[in-house]
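Biologist: Could you pick one part of this model and give me a close look at it? I'd like the wider picture too, but only as background.

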Amino acid sequence: MILEESPDGEGGGDGGLLGQPADRDSVRKGCNPLVQTQRSRLQNHRARINQQINKEMRMRTGAENLFKATTNHRVKETVALELSYVNSNLQLLKEELEELNSSVDVYQNESEGISVPMIPLGLKETKDLDLATPLREMISEHYGEDSTSYEVEIKKLMDLRQAIRTPSRNEAGLELLMEYYNQLYFLDIRFFSPSRNLGVFFHWYDSLTGVPSHQRTLAFEKGSVLFNIGALYTQIGARQDRGTRKGIDCAIEAFQRAAGAFNYLKENFSNAPSLDMSIASLSMLVRLMTAQVQECVFEQLTLSGTPREPLSQMRLAQEAARVEDVYSLVYQTMVQPPVRDYVPFSWTTMVNVKAKHFRGLSHYYAAIALCDGPVVADSEIPKYEKAFLQFHVTVPEGPPLPVLLQDSEERRKLAKAHLRKAMMNHEEALRLHAVCRILRKMDLLQEVVSLAHRRSLAKYSEIDHEDDFFETAEAPEVHPKTHQKPEIKTPNFSQVKVTDIFHRLGPLSVFSAKNQWRLKGPILLTRGEGGFGFTLRGDSPVLIAAVIPGGRAEAAGLKEGDYIVSVNGEPCKWGKHSEVVALLTGVGEEGVALQVVTPQREEPLGLVEKKATSLSSVGLLRSDKENGGQATLPGPLLGWNKKAKRGQGLRWLQPFSPSADNTPASR
């Protein structure tokens, strides 16, 4: 995120996000929830199930409390019966939600081409939130301003939060979520004080289990939005037409961004109250997304069909083995507790089916490289020997490698062994597919695996001879290798330019929830022989750097360290040094009415810490290099326990920027 904050979005100020949408007063919109697309119906169904789960869990909590509190045997029996009924309902709702999470076909591309389905995530649902009342109270009590004059800003924030509940499945939806995510930075500094509780609970439902969670800390809100950014990337990746080069490239980018969002969430937020945002769950999702990237990399190589050159076929076999390797790792993660208790069984089965399928493909392409290629010439033996030495995990049984390369019969035997393994793995994949009730409805996956199995069987029949009486040797596994490793890309939050919705409250360096100040004025000040009797420094707001003893300013009660916020009724919280000086120099004999604020803090006035220019690397930061060398915006939300680290996140915000010119306001 790139630093900037100003009242008009034109630059200046201290601390914010550079730029804003083209129309400053507009708010990005989400999808129309009334439009009955397949995806919207699925999301609406998910929302209804979440609400029912919430209702049943509240009933269960009440019944459990009554069961513990009562000593009446008959009441206990009645409550126990009610508990069994509620638990049965919860189990049914859980199964219904699991089936919704397994509806991966809804998010797939509708092209006529045949491709393996990808696994997307559903968005986390949230409840309506009324921030208007606590924000009005904070504006009135803490900032001392008329809260009714900020109704437009409050409505804009509430409209933005409402819109993120139904983001569109494209770049505009991502920008909508990122805009709100960036606005939460300002919201935290403006209104969430370590010493004051707004009394607001943020409610979000678990994406996988539907169990509701709520917390007061804004970190939960921010983490949930970040999770939805990752989930939306998975949906965008799943919908791409991977029958084209452009579609595969877009899918790779989307899944890498999804992995980056989940990894960023895992590394920067701790003690999540919901299972889908636990470290174990996020680790599994990162691995799942990188596995799907690896699958897309394999699909890139097969766009133009099976290559004819043996070395290219071997490379394809190793790519397939690499896909099998990463999916096997995802499967092992999914079957370990606690992940196995809430990940849909169809996901686990589908990942296992894919692992078996790609293992079969690795053996198929190994067989093609062995039996379809020409006899290797003597001059090319060293090149092929080097390739084959790195091709198998273990050395295959049979003759030495130079003999194998030049003996077509020996190559046929080894190819036959590979095809046998290919068919066995595809048959196992089809068996696993048939076991899962939900996957049985997914015809596309079965069609892909069946096609691969028939192809291996046809090739086996082609090279099989009636007079083959030798016992087929065990083919070694293909060594996994890839030419393109997946990258974990953190979402580029700086691509969405925003302005602090509540920028009229003043620069964050002074006017924040953490800082305390006292408003003085209007103070009538006239020019004496030595001028007004003070010097100014800095911008937005301008600081009274020094008060001349015995001067008019000292007599009027002005002090060193006061900030000028109004000159003759003209607001100047965001005024530049030159602008405030110009207002003061234009004053006549009648004098000037100033309004100032006096900061209430323990450190010496005017102190500027050197660490303001060197932000901590802990927390939600990105390097200057990643943002094109521009200043980065630190995220103050380092974890769910916000109070413990909030001070560190805001330490860089200083009361003013040091300036070399201390200009006397006495002209």
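Modeller: Let's settle one term before anything else: a residue counts as partly exposed when its relative accessible area falls between the buried class, under 20%, and the exposed class, over 50%. Keep in mind that this is a predicted model. The part I'd pick is helix α8, which covers residues 279–301, and a good place to start is Arg287, which lies in α8. With a relative accessibility of 36%, Arg287 is partly exposed, because that value sits between the two limits. Leaving out residues up to four places away in sequence, Arg287 touches Leu329, Val330 and Thr333. Its C-alpha atom is 9.7 Å from that of Asn263, and 24 residues separate the two along the chain.

Now go along the helix to Gln294, which is also placed in α8. Is Gln294 buried or exposed? It comes out as buried, because its relative accessibility is 0% and the limit for that class is under 20%. Its contacts, once neighbours within four places in sequence are set aside, are Glu319, Arg322, Val323, Val326, Thr482, Gln484 and Pro486. One of those partners, Val326, is 32 residues away in sequence, yet the C-alpha atoms of Gln294 and Val326 are 7.9 Å apart.

Cys296 has a number that falls within α8 as well, and Cys296 is buried at 0% relative accessibility. Cys250, by contrast, is partly exposed at 32%. If you're wondering about cysteine pairing, a disulfide is a covalent bond between the sulfur atoms of two cysteines. Here the test is a pair of cysteine sulfur atoms within 2.5 Å, and by that rule the count is zero disulfides.

Just before α8 there's a backbone detail worth a look. Asn271 sits in the loop between α7 (245–268) and α8, and its phi is positive, about 55°, although Asn271 is not a glycine. Asn271 counts as exposed, because its relative accessible area of 64% is over the 50% limit. You'll find a similar story further along the chain with Asn568, another residue other than glycine with a positive phi, near 55°. Asn568 is in the loop between β6 (563–567) and β7 (570–571), and at 48% relative accessibility Asn568 is partly exposed.

Back to the helices, and on to α9, residues 310–334. The residues that Arg287 touches, Leu329, Val330 and Thr333, have numbers inside that range. Helix α9 packs against α11 (residues 381–389), with the axes 11 Å apart and an angle of about 10° between them. Angles under 35 degrees count as roughly parallel, so α9 and α11 are roughly parallel to each other. On the α9 side the contact is made by Pro310, Leu311 and Met314, and on the α11 side by Lys383, Tyr384, Ala387 and Phe388. Sorted by type, the residues of this contact are six nonpolar, no polar and one charged.

Past the end of α9, the chain runs through a loop to α10 (345–371), and Pro338 is found in that loop. The peptide bond leading into Pro338 from Pro337 is cis, with omega near 5°. There's another cis bond at Ser540 to Pro541, where omega is near -5°, and Pro541 belongs to the loop between β4 (534–537) and β5 (542–547).

In α10 itself, have a look at Thr348. Thr348 is buried, because its 11% relative accessibility is under the 20% limit. Apart from neighbours within four places in sequence, Thr348 is in contact with Tyr331, Met334, Val335 and Val343. From Thr348 to Thr333 the C-alpha distance is 9.4 Å, with their positions 15 residues apart in sequence. Thr333 is a residue we've already met, as one of those touched by Arg287.

As for the background you asked for, the protein has 17 helices and nine strands, and 52% of its 667 residues count as buried. Of the contacts between residues at least 6 apart in sequence, 78% join residues at least 24 apart. About 30000 Å² of the protein is exposed, and carbon and sulfur atoms supply 50% of that area.

Key: Residues numbered from 1 in each chain as written. Predicted model: local features only at pLDDT ≥ 70, side-chain atom pairs only at ≥ 80, totals over all residues. Heavy atoms only, no water. Buried < 20%, exposed > 50% of the residue type's maximum accessible area, 1.4 Å probe, protein only. Helix = DSSP H or I, 4+ residues; strand = E, 2+ residues; numbered from the N terminus. Contact = heavy atoms within 4.5 Å. Areas by Shrake-Rupley, 256 points an atom, 1.4 Å probe, with all protein chains shown as cover. Axes fitted to C-alpha atoms, helices over the stretch in contact; angles between N-to-C directions. Parallel < 35°, antiparallel > 145°, perpendicular 65-115°, else oblique. Nonpolar A, V, L, I, M, F, W, Y, C, P; charged D, E, K, R; others polar.
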